[in-house]
Amino acid sequence: MINDTLGNRGMVTAPHHLAADAGRDVLRDGGSAVEAMVAAAAVIAVVYPHMNAIGGDGFWLIAEPGQPPTGVDACGPAAAAATRQWYRQRGMTEIPARGAAAALTVPGTIGGWIKALQSPGSGAGRLPLWRLLEPAVELARRGVPVTRGQANLTRQKLEALDVAPGFAETFLGQTAAATHAGASLVQPGLADTLEHLGRAGLDDFYRGDVAKTMADDLQRLGSPLVFEDLAAFQALEVDPLSLKIGHARLYNMPPPTQGLASLMILGIFERLGVDTGEGFAHVHGLVEATKQAFRVRDEVVTDPRWMSRPAGECLTAKRLDAAAKAIDRQTAAPWPSPPADGDTVWMGAVDAQGRSVSFIQSIYWEYGSGVVLPGSGVLMQNRGMSFGLDANHPQALAPGRRPFHTLNPAMAIFDDGRRMPYGTMGGEGQPQTQAAIFSRYAFYEMPLQQAISAPRWLLGRTWGERTTSLKLESRLPESLMTALRDAGHEVETLGAYDSTMGHAGAIVAHPDGYQAGAADPRSDGHVAAV
């Protein structure tokens with residue numbers, strides 16, 4: 001059994017070991033957790049391009065010692081020209097998943113790096129920007145080995161991606177590198193861009209030479225995004241949603257993310273009073289709480305300017321009590337509800353001063369739009385395809401509207417002073433995995449690494465899966481699977497450590513300086529401690 005990684009001078013957990021190591025090295029050189037996360041975020045964009053890119057979005061929770069977290073919302077809005085009429089004039093009845101027309105929202109994640117480094121509690125300024133980006137520059141220039149997961153996924157999605165401008169040139173080339181585990185993937189254009197940003201500053205991505213190059217390529221390829229859309233973007237500092245539960249207060253991101261659902265699941269489950277983990281009552285209770293939370297999420301969550309009521313109203317004791325009472329303790333409620341895809345990375349960091357970061361970065365579907373801009377090497381997200389072209393669609397496309405996001409980094413602050421950044425990638429699975437990890441650790445006192453490694457479940461589809469069943473890893477006891485079937489759940493069995501369940505991680509920083517971290521055996525990552 002793998003034990004927690006221990007330390008007291010800082011640590012980083014990430015789904016790829018090179019990202020964790022880059023963040024760890026920044027901490028070792030005297031950088032803060034925020035600076036370490038910027039370094040890790042840049043590296044993960046290079047080594048895990050099927051999951052994230054600097055052409056995507058990101059969200060942060062940052063907590064100084066003794067203070068509640070602050071949030072950074074780096075979700076890019078739809079372009080000013082991205083109207084429903086713009087698509088109809090081009091003969092489209094829906095926003096495509098791939099290609100330039102799918103790249104219709106401003107990539108926000110670098111704006112989030114800017115805002116996080118500028119936040120008063122970031123501890124930034126200890127290291128120069130070029131030092132934070134240097135590991136990513138070197139990896140992009142000299143090449144990184146393609147992971148088995150990336151190779152498998154690339155082969156599965158190749159038919160749809162191969163037609164996207166710049167994809168084949170970047171990820172396939174003469175050797176089809178991204179389809180072969182262990183092959184070296186070199187990204188010289190991205191290396192040049194990151195190196196330039198290290199010299200010129202991150203703002204150049206939106207208002208400088210990089211922005212102009214990106215805008216020229218986007219226009220030539222047929223995207224509605226223009227330079228003015230990039231230049232107008234600023235990430236937002238936001239107040240996280242929070243919920244007191246047991247001996248901790250939970251924090252997550254407000255809309256347009258599904259952070260509300262993550263908090264609701266645990267708030268509803270707590271009211272069921274399940275006193276033992278890993279059995280039918282635990283799994284069934286969390287699955288049924290997920291159904292209740294997702295129905296509210298699908299009804300309420302969108303760009304806050306379009307919401308019918310504030311998200312906080314859904315977290316009142318009265319509403320959570322009612323949701324818990326609606327759960328049948330023995331029988332599964334009807335399902336499904338509309339599901340969502342997502343390809344994402346979550347990473348966490350804690351420094352020696354006790355500053356903690358929960359961070360998530362995404363391009364929506366695997367490889368996003370598939371479009372790689374030739375002048376910059378930037379892979380563009382396709383988050384805007386979640387918009388609808390019908391005026392009555394709950395996420396109807398409108399210029400400047402921010403898309404719904406499955407992304408939701410989590411953090412818990414315990415009454416005894418422990419701080420726990422935690423999270424995962426995986427679309428619909430993110431709130432469910434967060435609930436599994438937190439309940440195991442906080443309610444049932446399971447060690448952190450075991451809480452992440454233990455067999456998991458997922459209601460609905462993610463990673464392009466079309467089925468909406470309750471998916472169970474095969475390591476779960478057969479008696480539990482039978483009990484769930486008998487209760488009316490449509491059960492589907494997956495592999496023992498199936499990547500469908502996401503790539504989770506967590507760090508717990510104790511008030512005396514002791515730190516414990518965990519990474520997901522389903523990923524290519526680890527915890528790197530100073």
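Let's start inside a sheet: strand β9 runs antiparallel to strand β12 (residues 410-414), and 4 bridges join the two. One residue pair to look for here is R249, which stands opposite I413 in β12. Keep in mind that this is a predicted model.

Now turn to the other flank of β9. Strand β8 (residues 241-245) is joined to β9 by 5 bridges, again in the antiparallel sense. I245 stands opposite A248 in β9, and the link between the two strands is a hairpin with 2 residues between them. In that turn, G246 has a positive phi of about 55 degrees. So how enclosed is β9 (residues 248-252) by the rest of the structure? Largely so, because 4 of its 5 residues are buried, which here means under 20% relative accessible area.

Zoom out and you'll see the whole sheet. It is open, has 7 strands and follows the order β1-β18-β17-β13-β12-β9-β8, with antiparallel pairing. Which strands stand at the edges? They are β1 (5-7) and β8, each with a single partner strand, so one side of each is left without a neighbour in the sheet. From one strand to the next, the twist averages 15 degrees. Strands of a sheet pair through backbone hydrogen bonds, either parallel or antiparallel. Further along the order, strand β17 (residues 505-509) and strand β18 (residues 515-519) make an antiparallel pair over 5 bridges, and in that pair A506 stands opposite A518 in β18.

Next, the nonpolar interior. In soluble globular proteins, nonpolar side chains tend to be buried together. In this model the largest nonpolar core has 100 residues. If you want to find the residues with the most contacts inside this core, go to I54, W60, I110, W113, F205, M347 and L397. Which helix gives the most to this core? That's α2 (residues 33-47), with 14 residues. There is also a second, separate core of 62 residues, and A293, A412, I437 and L476 are included in it.

What about empty space? Rolling a probe the size of a water molecule over the atoms shows where empty space is left. The structure holds 3 cavities of 30 Å³ or more. The largest cavity has a volume of about 70 Å³, and 13 residues line it, with A53, Q187, L190, G377 and L379 the closest to its centre. How does that lining divide by residue type? There are 9 nonpolar and 4 polar residues, and no charged ones.

The second largest cavity comes in at about 50 Å³. Its lining is made up of G111, I114, K115, Q118, Y206, R207, F233, Q234 and A235. Two elements, α4 (109-118) and α9 (204-207), give two or more residues to this lining, and the largest share, 4 residues, comes from α4. By type, the lining of the second largest cavity divides into 4 nonpolar, 3 polar and 2 charged residues.

One last stop is N152, which sits in helix α6 (residues 148-161). Is N152 buried, partly exposed or exposed? With a relative accessible area of 30%, N152 is partly exposed, because that class lies between the cut-offs of 20% and 50%. Along the chain, N152 and H180 are 28 residues apart, and their C-alpha atoms are separated by 8.0 Å.

Key:
Residues are numbered from 1 along each chain as its sequence is written. This is a predicted model: local features need pLDDT of at least 70, side-chain atom pairs count only at pLDDT 80 or more; totals for chains, interfaces and linings use all residues. Side-chain values use heavy atoms; hydrogens and water are left out. Buried means under 20% relative accessible area, exposed over 50%, partly exposed in between (1.4 Å probe, protein chains only). Two strands pair if DSSP finds at least two bridges between them. A nonpolar core is a set of buried Ala, Val, Leu, Ile, Met, Phe, Trp, Tyr and Cys residues joined through side-chain atoms within 4.5 Å. On a 1 Å grid over the protein atoms alone, a cavity is a set of points where a 1.4 Å probe fits but cannot get out, and a pocket is an open set with protein on both sides within 12 Å along at least five of seven lines; lining residues have an atom within 4 Å of a point. Grid points are joined across faces, edges and corners, and a volume is the space filled by probe spheres set on the points. Ala, Val, Leu, Ile, Met, Phe, Trp, Tyr, Cys and Pro count as nonpolar, Asp, Glu, Lys and Arg as charged, and the others, Gly among them, as polar. Axes are lines fitted to C-alpha atoms, for helices over the stretch in contact, and angles run from 0 to 180 degrees between N-to-C directions.
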